[in-house]
Amino acid sequence: MERAFWSTPYLANLDAEVLAIDGREVVISPTIFFAESGGQESDRGTIGGIEVEQARIVDDRIVYRLAAEPDFSVGDQVAVAIDWPRRYALMRLHFAAEIVLELFYKKFPAMEKVGAHIGQSKARIDFAFQGNISRHFPEIERDVAQLVAADLPIESRFTDAARLRRCWSIAGFAQVPCGGTHLRSTAEVGRIRLKRNNIGAHKERVEIYLMD
Ligand SMILES: [Zn+2]
């Protein structure tokens with residue numbers, strides 16, 4: 001199956017061929033419908049007009065469980081539509097989190113990430129960290145704002161196509177392995193705000209919110 005959400009991450013509608021059906025579970029190709037991985041939540045939307053309840057990765061395929069029995073057959077072409085405002089918010093928060101993480105790594109090379117999650121209304125990164133991480137927020141927020149203002153192109157590509165390994169890169173800033181969906185430019189992240197959440201002994205949670 002072709003993962004069109006990688007080659008064309010800005011497509012919200014695309015017809016696909018039905019490759020397999022098992023009860024309410026279907027496999028399609030190409031697909032624009034992202035399945036949760038790397039902490040980025042799944043898309044929401046419809047396949048053949050039927051709502052998708054769950055998208056999950058099984059081996060090298062993505063299996064979509066529909067809310068009702070499909071009224072289409074293997075080999076049919078079906079219309080696939082994703083909730084674009086949700087996906088775009090996920091893409092912006094995802095990339096905001098990518099930048100924030102890289103900036104912390106540049107500031108503290110030995111820093112350890114212990115968790116991350118990208119939702120529609122906020123992203124979070126958890127660090128093993130001693131002390132109050134929020135004292136570094138003004139500097140990180142300033143550096144994010146500079147990257148956003150610079151409108152830097154973001155390149156996404158395969159590093160190992162056979163094993164579905166991908167990365168994103170910004171010239172002069174970072175190259176990071178990631179199988180998520182990425183923006184074209186840092187400008188699209190827009191203004192962000194960081195918020196601290198102390199989640200236990202020597203663990204600090206950085207929450208990221210979009211401000212516009
Ligand atoms: Zn990513």
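Which residue in β13 is the bridge partner of I125? Select I125 and V206: V206 is that partner. Strands here are DSSP runs (E, at least two residues) and helices are runs of H or I (at least four residues), numbered from the N terminus. Two strands pair if DSSP finds at least two bridges between them.

The model is predicted: local features need pLDDT of at least 70, side-chain atom pairs count only at pLDDT 80 or more, and totals for chains, interfaces and linings use all residues. Residues are numbered from 1 along each chain as its sequence is written, and side-chain values use heavy atoms, with hydrogens and water left out.

**Stop 1: the sheet around β8**

Stay with β8 (residues 123–128) and add β13 (residues 203–210): the two run antiparallel and are joined by six bridges. Next to the I125 pair, D126 has R205 as its bridge partner in β13. Now add β7 (residues 112–118), which is antiparallel to β8 and also joined to β8 by six bridges. A hairpin of four residues connects β7 to β8. Select H117 to find its partner in β8, R124.

On β13, add strand β12 (residues 192–200), which is antiparallel to β13 and linked to β13 by eight bridges. I192 stands opposite L210 in β13. The hairpin of β12 and β13 has two residues between the strands, and H202 there takes a positive phi near 60°.

**Stop 2: the cores**

Select V100, F104, F127, W168 and I208. These have the most contacts inside the largest nonpolar core, which has 36 residues. A nonpolar core is a set of buried Ala, Val, Leu, Ile, Met, Phe, Trp, Tyr and Cys residues joined through side-chain atoms within 4.5 Å. Buried means under 20% relative accessible area, exposed over 50%, and partly exposed in between (1.4 Å probe, protein chains only). Two or more residues of this core come from each of α2 (84–107), β8, α3 (137–149), β10 (165–170), β11 (174–177), β12 and β13. The largest share, 11 residues, comes from α2.

Center on I208. Leaving aside neighbours within four places in sequence, its contacts (heavy atoms within 4.5 Å) include L93, A96, A97 and V100, and also I125, I192 and L194. A second, separate core has 23 residues, among them A4, A12, F33 and V80.

**Stop 3: the zinc ion**

Show the zinc ion with H94 (NE2), E98 (OE), C178 (SG) and H182 (NE2), its protein donors, which lie 1.8 to 2.2 Å from the ion. Donors are N, O and S atoms within 2.8 Å of the metal (3.2 Å for Na, K and Ca); water is not among the atoms, so sites may look incomplete. Why is the arrangement tetrahedral? Because the four donor atoms subtend angles of 104 to 114° around the zinc ion, and four donors count as tetrahedral if all angles lie between 85 and 135 degrees. Along the chain the donors follow the spacing H-x3-E-x79-C-x3-H. Both C178 and H182 are buried.

**Stop 4: the barrel and A35**

Display the six strands in the order β1-β2-β5-β4-β3-β6: they form a closed barrel with antiparallel pairing. Within the barrel, β3 (residues 45–47) and β4 (residues 50–58) pair in the antiparallel sense over two bridges. I47 stands opposite I50 in β4.

Finally select A35, in the loop between β2 (25–29) and β3. A35 is buried, with a relative accessible area of 2%. Not counting residues up to four places away in sequence, A35 touches S42, A55, R56, I57 and I62. A35 and I62 are 27 residues apart in sequence, and 6.9 Å apart in space, C-alpha to C-alpha.

Notes:
Four donors count as tetrahedral if all angles lie between 85 and 135 degrees; four count as square planar and six as octahedral if opposite donors are over 155 degrees apart and all others between 65 and 115; anything else is irregular.
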